[in-house]
Amino acid sequence: FRKKVVMSDVPFFKEYANRDSLFFRTGDVEDLADKLQQALDSGNASTNANLYAEFYSENILEQDYINLYSAPADKHAMKVLILNPILFTADNNVIPKVKSIKDTMIYNMCLGFKQLGHDVTLAAAEEYAPAEKEAYDFEILFFKSKCKKLFQPAMLPFSPELWPYIKENEKSFDLLISSETFSFQSLFAARICPEKTVIWQELTDHQNKFHRIPSKIWHNVIVRLFMQRIAAVAPRSRPAYKFISKYMPQTVKQIVDHGINVDKFTHSVKKERQIISSSQLIHRKNIDGIIRIFQQFHEMEAYEDIKLLIAGRGEEEANLKKLVTKLKLTKSVRFLGFLPHQTLNKYIRESLCFLINTRKDLNMVSIPEAIVSGTPILTNTQPASAGYIQANKLGIAKNQWGVDELKEIIDNNSFYVKNCIGYRDNLTNVHSAQLLTDIYKKSIQKQ
């Protein structure tokens, strides 16, 4: 077996290996190697430098001759419609005008489907269209929102034109993936072509708007009466699963996190003497709390040289700069402003850790962005991803974290960085896209 074994993640990896236990016994190696070689010879496998660390076993094959991961094109390409009206977060329900939407999470998720060989179309609300025209890697359709006072585009966009579009084109699509159960686009898809619809669920509880009454009516009446026939619901986190599975029995246990475009977010083990926070500079992000903790850390011997980088923009920026001046940290804290993905990735991958101390946020795409950059997370347990951060030692998730936790991550940085890089493949846009298509295919087999 002194040869480079190459295989495709789908379908051969899942067909011949069991990721829930030991992948294969020593006695199965010869048979597996033959099948992998057949895959290579037939052109259904490709190489990639990313390695599955689980395969490094002296009892199986020599580590130097194993390369067991790729992101190949699916042999059965599909035409996929992504229904995701809200492209980015609008603070205080005010949707800002942006020059480009290419850095949004859902745009890069669509690229993941494209890399798998699928033909993807994204349907979004017109309010999120960029201020300037730009060329896209796939088709994007913008639909006008109506009744905006009642159904605010920043929270629950209502685009009635989407109904006839789905109705007229549903036969040309193999799969529809819609964001959130509590949304009009998910209801439209559930009524027109339920057997082709997978809902990608992010919310972990009822929306607080109007004392949660609209959300409770939707989930207890609309969902139960009109949305039960869809193919599946894929949760983005464990809390999302616990919430939506109470209303949708077809919710799968497989977690599908936000997929990160690793072409834009590269990783590094080489770190500068700096730590970073990246978010909107608004009250709920609690950046002032991070600055105060850093002020205590800055006074500790042997850590005085470490810098705090703060990326982002928002209404609290002036107040945060005043706080930095008051605490005499102007030489140690640097405000970076809003950054494009490529520049942001550079700062993140060079930092010792990524800081989060949010008062409210449950889902934060900045967390997987930092992990795929090889940068450990220091967060409270508010984000839904706190569980897998702690379980996989990708940093520390602890309420009221302070200088002790910051010191731990910096002192043992190589340990946490190695874990982040090892977990990287689980958070790519290609991986998330593949999980969603796999969930749909499994639902077809059950029908």
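## A look around Met78, the sheet and Asp361

Leaving out neighbours within four places in sequence, Met78 is in contact (heavy atoms within 4.5 Å) with His118, Asp119, Asp174, Leu175, Thr437, Tyr440 and Lys441. Keep in mind that this is a predicted model: local features need pLDDT of at least 70, side-chain atom pairs count only at pLDDT 80 or more, and totals for chains, interfaces and linings use all residues. Residues are numbered from 1 along each chain as its sequence is written, and side-chain values use heavy atoms, with hydrogens and water left out.

Met78 sits in the loop between strand E2 (66–67) and strand E3 (79–83). Helices (H or I, at least four residues) and strands (E, at least two) are DSSP runs, numbered from the N terminus. Met78 counts as buried because its relative accessible area is 9%; buried means under 20%, exposed over 50%, and partly exposed in between (1.4 Å probe, protein chains only). The C-alpha atoms of Met78 and Val120 are 8.2 Å apart, with the two positions 42 residues apart along the chain.

Now for the sheet. Six strands, in the order E5-E4-E3-E6-E7-E8, make an open sheet with parallel pairing; two strands pair if DSSP finds at least two bridges between them. At the edges are strand E5 (139–143) and strand E8 (232–235), each pairing on one side only. Strand E7 (residues 197–201) runs parallel to E8 and is joined to it by four bridges. Within that pair, Ile199 has Val233 of E8 as its bridge partner.

On to Asp361, which lies in the loop between strand E12 (354–355) and helix H11 (366–372). Is Asp361 buried or exposed? Asp361 counts as buried, because its relative accessibility is 10%. Not counting residues up to four places away in sequence, Asp361 touches Arg284, Lys285, Gln382 and Pro383. The side chain of Asp361 also makes polar contacts, listed below. A polar contact is a pair of N or O atoms within 3.5 Å; within protein, one must be able to donate a hydrogen and the other to accept it, and residues adjacent in sequence count only if both atoms are side-chain atoms.

| Side chain | Partner side chain | Polar contact |
|---|---|---|
| Asp361 | Arg284 | 3.0 Å |
| Asp361 | Thr358 | 2.7 Å |

So Arg284 turns up twice: Arg284 is among the residues that Asp361 touches, and its side chain joins that of Asp361 in a polar contact.
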